[in-house]
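Subject: Structure handover

Hello,

Here is the structure I said I would pass on. My notes come after it.

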Amino acid sequence: MSKAPRKKSRAKRINLALQGGGAHGAFTWGVLDRLLQEEEVEISAISGTSAGALNGAALKAGMVSGGREGARENLAWLWEQVAGTRDFQVEQWMLPYGVGALSHAMEYSWPVMMADAVSNLTSPYASGPFYRNPLEDIVAKFDYDKVCNGVEPYFFICATRVRNGKIRVFSGDEIGPEALMASACLPTLFRAVEIYDKETERKEAFWDGGFTGNPALFPFFRDDLPADLVVININPLERTDLPVTPKQIQNRINEISFNSSLLRELRAIDFVQRLIEQGAVDDDRLHRVRVHMIADDVLMEKLSVATKTVPNAAVIATLRDAGQAAAEQFLERDFGKVGKQSSVDLRAMFG
């Protein structure tokens with residue numbers, strides 16, 4: 001999907017907060033692909049967790065080597081690696097009854113049910129010397145000289161330190177294959193990723209960053225970064241249907257858990273903005289923040305946990321297209337507010 005860019009004017013700087021959500025991160029790919037076509041959008045910093053960290057690394061490396069088009073090409077390459085195909089359009093022929101039906105059919109397929117049963121009954125450590133992280137081959141192919149380059153967009157990725165349950169934000173030359181795998185390490189599926197942590201001066205084990213920051217917003221609170229942050233949300237904040245099956249219940253538990261850290265930070269942002277508006281604190285001492293969000297909860301509600309953990313090219317293509325459409329809607333409806341006011345009503349969100 002390619003749109004004609006708007007008439008060029010002074011670019012608006014934004015920070016991007018990229019959530020994790022397994023293969024559903026293809027929605028974020030679509031959003032980024034559309035934003036990169038817009039010359040009025042200037043990406044100053046990226047904070048990502050899990051799939052969001054992979055998307056951020058691909059964008060950063062591609063941007064450094066080839067500008068906007070380089071970033072778009074690198075994101076497409078990443079998802080070709082995840083899906084195992086370059087032909088997403090042909091795969092969409094598999095969707096006569098819609099992506100939701102395919103997703104739920106996958107959820108109750110024998111291979112997925114057997115894999116789920118094994119993960120619930122055994123530990124990733126039970127495989128002994130045969131264990132291998134499936135992301136290893138993908139993350140090894142990134143050009144880390146470019147991912148860790150000190151120019152904009154600045155890049156931060158989040159992981160959870162297992163020992164004390166605290167968030168760890170990696171940036172600059174701290175980012176490598178191990179940090180990316182740590183950010184995406186679901187403990188029921190993968191072994192903890194061990195990295196020497198210069199903050200604690202010891203080797204630490206890390207799990208998925210979604211437990212403590214999905215993603216972290218506080219790295220954006222710097223004087224050299226813009227006040228506008230755009231959250232690309234792929235975990236539904238609300239679900240209308242009550243989860244009743246074991247898999248539905250566990251999936252909703254994970255969504256609530258992985259959204260909780262983001263909601264805590266958004267609540268804190270709202271509190272600080274209220275204090276600034278009321279004149280209760282000195283504006284110069286605190287950071288003004290304007291919040292925007294790009295999401296498609298209607299689509300995400302139709303999908304099951306199976307399509308998070310089992311990449312399917314047809315679902316990935318649908319998510320990419322939905323992300324492009326959601327980004328286009330943001331550009332048409334809310335982009336004019338960037339630099340002026342939030343387009344998300346945080347008080348209504350928490351009310």
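Below are notes on one strand and two further residues.

Please keep in mind that this is a predicted model.

Strand β7

This strand covers residues 228-233, and 6 of its 6 residues are buried, so β7 is largely enclosed by the rest of the structure. Neither face is open: D228, V230 and I232 are buried on one side, and L229, V231 and N233 are buried on the other.

β7 pairs with two strands. With β1 (residues 12-18) it runs parallel, joined by 4 bridges; within that pairing, N15 has L229 as its bridge partner. With β8 (residues 290-295) the pairing is also parallel, over 6 bridges, and here V230 is partnered by H292.

V41

V41 lies in strand β2. Its relative accessible area is 2%, under the 20% cut-off, so V41 counts as buried. Beyond its neighbours within four places in sequence, V41 is in contact with K12, I14, L35, R68, L331 and F335. For one of these, I14, the C-alpha atom is 7.3 Å from that of V41, although the two residues are 27 apart along the chain.

E38

E38 sits in the loop that links α1 (26-36) to β2 (41-49). Despite the loop position, E38 is buried, at a relative accessible area of 0%. What does the side chain of E38 make a polar contact with? The partner is the side chain of R34, at 3.1 Å.

Regards

Methods: Residues numbered from 1 in each chain as written. Predicted model: local features only at pLDDT ≥ 70, side-chain atom pairs only at ≥ 80, totals over all residues. Heavy atoms only, no water. Buried < 20%, exposed > 50% of the residue type's maximum accessible area, 1.4 Å probe, protein only. Polar contact = N/O pair within 3.5 Å; in protein donor to acceptor, adjacent residues only side chain to side chain. Pairing = 2+ DSSP bridges. Contact = heavy atoms within 4.5 Å.
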